[in-house]
Amino acid sequence: MPATLPPRFWSPLVLPVILCAVGLAACATEMGADGKMTLKLPSEVVAGPWADKGYVGPRACLICHEQIYNYYRDHGHPKKLRPATEAREWGVPLPEGYSWDDVSYVIGGATRKARYIDQQGYIINKTGPKKDKDGKNQYNTATGRWVDYNPGQVLKYDCGPCHMTAYSKNGNQDNRPGMVGTWAFPGITCEECHGPGKAHAAAPSRTNIKVDPSDAACGKCHIRGAKERIPAGGGFIQHHEQYNELLASPHAGKVSCVTCHDPHKRAAISQRMGCDKCHAKQAADFKGSRHEKSLVRCIDCHMPAATKSAENFGKYIGDIKTHIIKISLGANDQMFTPDGKFATGKLTADFACLSCHASRDKTWAAAQGKGIHARGK
Ligand code: HEC
Ligand code: HEC
Ligand code: HEC
Ligand code: HEC
Ligand code: HEC
Ligand code: HEC
Ligand code: HEC
Ligand code: HEC
């Protein structure tokens, strides 16, 4: 396997082997159920108090749910917060002035952007050869750019319950003063969603493991602010608010996150069914149209990247797809409130169309939008 492949192409099973081949002290080996030695990633080893609460870590599930585990390891969820020892093997670069010994954890880097935590538990915000310049502390994976994240501020890692497993607001993880709260595992592991699994792993039954398929369960983290509004800024919807968007869409209460997504598979391969399964009429209209022949898909218009996490690539092209989905063609329909601080819940023709038709404008797009499915047949 060439070392230049981006991390998303790495097999989840190859990773532990590579990690331990380079001699990580924290890599524990253990005897698997089949008698073979298996390797634990540092992030999967459970510490004292959490073991007492019944947490066992994802590798305890692997024996019986191997396929789910493999998909899950490939997902952004477990990679959300990673010890530096693991992150360095994934090809995430270091901010200028730092060595891996200066970094305790990396936040993200699996999909859009990475931020870094120092040995005291603070988010790194001074970089440069002498570590004395504000900014250039966020790495954007799509472009390789270093950008400024809250330059000049002292940044505790107080990112609460959204990036870890079994978050408690008490104490400081690893006794690092900048880390607010403690947790069983960095990243979102099986037991964040399914609860402590010790009893279930010992005697599997449906009665001793939690399953919560509600939108609110995903919305615990895929939310920003109050769920009734959709915060925006800089001409884009802000990221991590898929729940706010779903509630503003016609799918609210009718189609849930896990109707469309297998919760264990990363976004690009997680779709359980196409839009055509429920919208047969529109799919039939679309078949044979100019757009369909040009390989434009339903989601290219209905889920444009109106949301921004790290980068935008044009006025109407952010880097996260919106879940508002219904396109509004009214002449007075606006994507954002006049102050730009919230999305209105309407997905307007500029975002739906102009990412491809860049030489046109919103008025053109709204006028052409009527009956667009069958256009060119
Ligand atoms: C020794 C094998 C074994 C291990 C280890 C194991 N499971 Fe299971 N699991 C099962 C079996 C068997 C079922 C199906 C039980 C049934 O249908 O009665 C199951 C069912 C489940 C379900 C579905 C429950 C439902 O209501 O449909 C979930 C979720 C689950 N396991 C999660 C986990 C997690 C998380 C772990 C690790 C902490 C784990 N399992 C470890 C064997 C195992
Ligand atoms: C309310 C829950 C929540 C809080 C609080 C939160 N995040 Fe996130 N974050 C998410 C979710 C969900 C995503 C992925 C979905 C998205 O970006 O739309 C994400 C994505 C990210 C990513 C991109 C990951 C990648 O691989 O591209 C980074 C980096 C990040 N968050 C850093 C932070 C930092 C630093 C804080 C604290 C200052 C923080 N987040 C607070 C939920 C949260
Ligand atoms: C982000 C939350 C989340 C994470 C992380 C997660 N699950 Fe699940 N899992 C769910 C939800 C929600 C369902 C039930 C809804 C569904 O599948 O539609 C489910 C269903 C299951 C089921 C029963 C259905 C099936 O597909 O067989 C098993 C078994 C299971 N999970 C095991 C695991 C294991 C093992 C891990 C870790 C390797 C894990 N889950 C990680 C949310 C999660
Ligand atoms: C404990 C917080 C939390 C919960 C609960 C949660 N997520 Fe996430 N989710 C995140 C964060 C943080 C990320 C960003 C991870 C990254 O890319 O680094 C993310 C990323 C994702 C991604 C994109 C990641 C990829 O690799 O493509 C999908 C899809 C997703 N979540 C779906 C779900 C669904 C569906 C549920 C409910 C079953 C759910 N999430 C529950 C926090 C959470
Ligand atoms: C599981 C079935 C299901 C799936 C999958 C699904 N939808 Fe829907 N969709 C619905 C339902 C139910 C409604 C609400 C219908 C209503 O209230 O008239 C809806 C409403 C809509 C509407 C608004 C319809 C209107 O008349 O205003 C649009 C647009 C839409 N869906 C697009 C999509 C797209 C695009 C996809 C694929 C990403 C998709 N849907 C996937 C079931 C589904
Ligand atoms: C080229 C962009 C584009 C593509 C591709 C596209 N749509 Fe649409 N869709 C629209 C527009 C614009 C509207 C609003 C039409 C209106 O209000 O008259 C719409 C409306 C809808 C509606 C609301 C009901 C209706 O018929 O007006 C549904 C449901 C829908 N689309 C589903 C789909 C599905 C399913 C696909 C893929 C098979 C798809 N769309 C592909 C642009 C697109
Ligand atoms: C109607 C179907 C549908 C529903 C409902 C739905 N999603 Fe999605 N979601 C999609 C599709 C389609 C994609 C795009 C997948 C791709 O990249 O090909 C997507 C992408 C995502 C992404 C990655 C976005 C990006 O651009 O990288 C996240 C995160 C996500 N969904 C989370 C959620 C959460 C959380 C919920 C519930 C609050 C939810 N989704 C509900 C269809 C749906
Ligand atoms: C993912 C890219 C993409 C998106 C998004 C998109 N289009 Fe297109 N559109 C195309 C391509 C490609 C063609 C075909 C160009 C050609 O054949 O010369 C096309 C052709 C057209 C045409 C000419 C078709 C004809 O009758 O000959 C119109 C009108 C049009 N698009 C309108 C729209 C509108 C309105 C939207 C938004 C609702 C939209 N497009 C969204 C890519 C896109």
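**Exercises: two ligand shells and two sheets**

By class, the residues around ligand 7 come out as 11 nonpolar, eight polar and two charged. Here, Ala, Val, Leu, Ile, Met, Phe, Trp, Tyr, Cys and Pro count as nonpolar, Asp, Glu, Lys and Arg as charged, and the others, Gly among them, as polar.

Before you start: this is a predicted model, where local features need pLDDT of at least 70, side-chain atom pairs count only at pLDDT 80 or more, and totals for chains, interfaces and linings use all residues. Residues are numbered from 1 along each chain as its sequence is written, while chains are lettered from A and ligands numbered from 1 in the order in which they are written.

**Exercise 1.** Find the residues and helices around ligand 7.

*Step 1.* Gather the shell: a residue is in it if its C-beta atom, placed from the backbone, lies within 6 Å of the molecule. That gives you 21 residues, and the closest are His222, Cys257, Cys260, Ala267 and Lys321.

*Step 2.* Look up the elements: helices (H or I, at least four residues) and strands (E, at least two) are DSSP runs, numbered from the N terminus. You'll find that α8 (215–219), α9 (242–248) and α10 (257–260) each supply at least two residues of this shell.

**Exercise 2.** Now do the same for ligand 8: which residues come nearest?

*Step 1.* There are 18 residues around ligand 8, and Ser294, Asp300, Cys353, Cys356 and Gln368 come nearest.

*Step 2.* Two or more shell residues come from each of α12 (290–293), α13 (298–302), α14 (349–353) and α15 (362–369).

*Step 3.* Sort by class: eight are nonpolar, seven polar and three charged.

**Exercise 3.** In what order do the strands of the five-stranded sheet lie?

*Step 1.* Find the pairs: two strands pair if DSSP finds at least two bridges between them. Following the pairs gives β3-β4-β5-β8-β9, an open sheet with antiparallel pairing.

*Step 2.* Check the edges: β3 (81–83) and β9 (145–147) each pair on one side only. From one strand to the next, the twist averages 25° (axes are lines fitted to C-alpha atoms, for helices over the stretch in contact, and angles run from 0 to 180 degrees between N-to-C directions).

*Step 3.* Walk along the sheet. Three bridges link β3 and β4, with proline 83 opposite tyrosine 105. Five bridges link β4 and β5 (residues 113–118), and valine 106 has tyrosine 116 as its bridge partner. β4 and β5 make a hairpin with four residues between them, and glycine 109 in the turn has a positive phi of about 95°. At the other end, β8 and β9 share three bridges, and tyrosine 139 faces tryptophan 146.

**Exercise 4.** Why is β4 described as largely enclosed?

*Step 1.* Recall the cut-offs: a residue is buried if 20 or more other C-beta atoms lie within 10 Å of its own, exposed if 12 or fewer, and partly exposed in between, with C-beta atoms placed from the backbone.

*Step 2.* Count along β4 (residues 103–108): six of the six residues are buried, so the strand is largely enclosed by the rest of the structure.

**Exercise 5.** Is glutamine 138 buried or exposed, and what does it touch?

*Step 1.* Glutamine 138 sits in β8 (residues 138–140). Glutamine 138 is buried because 23 other C-beta atoms lie within 10 Å.

*Step 2.* For contacts, the C-beta atoms, placed from the backbone, must lie within 7 Å. Leaving out residues up to four places away in sequence, glutamine 138 touches Lys113, Arg115, Trp146, Val147 and Tyr149.

Notes. Contact = placed C-beta atoms within 7 Å.
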